[in-house]
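Student: Before I rely on the labels attached to this model, I would like to go through the reasoning behind them with you.

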Amino acid sequence: MVPQEEAHEDRMRVADDFDRFIARFWIENLAWYEVVGRKRSDEELSDPVWEYVRQYASADRLAVG
């Protein structure tokens, strides 16, 4: 069992509120299903999944540059 203090250090905020958490949970599961379950290529991914990917790709560019 991990000590409580160590577990708290590993926490990460993934959303600002419950609605955003559910939206992220939904789109990440949809992405997983399309890539793993349906074996879709990048070009075949749905628009919502591509929008989510683009959002994080631009955030990565801002963090680096």
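Student: To begin with the charged side chains, how many salt bridges does the count come to?

Tutor: The model is a predicted one, and by the rule applied here the count comes to four salt bridges.

Student: What makes Arg-24 and Glu-28 a salt bridge?

Tutor: The side chains of Arg-24 and Glu-28 meet at 2.6 Å, N to O, and since the limit for such a pair is 4 Å, the label therefore applies. Both residues lie in helix α2, four residues apart, which is about one turn of the helix.

Student: How do you know that Glu-34 and Arg-40 belong together in a salt bridge?

Tutor: The closest N and O atoms of Glu-34 and Arg-40 are 3.6 Å apart, and that value is within 4 Å, so the pair qualifies.

Student: Is Glu-34 buried or exposed, and on what value does that rest?

Tutor: Glu-34 has a relative accessible area of 3%, and because buried means under 20%, the residue is called buried. Its partner Arg-40, at 29% relative accessibility, counts as partly exposed, since that value lies between the limits of 20% and 50%.

Student: Why is the pair of Glu-51 and Arg-54 called a salt bridge?

Tutor: Their closest N and O atoms are 3.6 Å apart, which is within 4 Å, so the term fits. Glu-51 and Arg-54 both lie in helix α3, three residues apart, and Glu-51 is partly exposed at a relative accessible area of 47%, while Arg-54 is partly exposed at 45%.

Student: Turning to the rings, why is the pair of Phe-21 and Phe-25 called stacked?

Tutor: The structure holds one aromatic pair. The ring centres of Phe-21 and Phe-25 are 6.2 Å apart and their planes stand at 25 degrees; centres within 6.5 Å make a pair, and planes under 30 degrees apart count as stacked, so both conditions are met. Being four residues apart in helix α2, Phe-21 and Phe-25 are separated by about one helical turn.

Student: Which residues make up the largest nonpolar core?

Tutor: That core has five residues, namely Ile-27, Ala-31, Leu-45, Val-49 and Tyr-52, and helices α2 and α3 each supply at least two of them. Val-49 touches Ile-27, Leu-30, Ala-31 and Glu-34, not counting residues up to four places away in sequence, so the buried Glu-34 is one of the contacts of this core residue.

Terms used
Residues numbered from 1 in each chain as written. Predicted model: local features only at pLDDT ≥ 70, side-chain atom pairs only at ≥ 80, totals over all residues. Heavy atoms only, no water. Phe/Tyr/Trp six-rings, centres within 6.5 Å; stacked < 30°, edge-to-face > 60°. Helix = DSSP H or I, 4+ residues; strand = E, 2+ residues; numbered from the N terminus. Core = buried A, V, L, I, M, F, W, Y, C linked by side-chain atoms within 4.5 Å. Buried < 20%, exposed > 50% of the residue type's maximum accessible area, 1.4 Å probe, protein only. Contact = heavy atoms within 4.5 Å.
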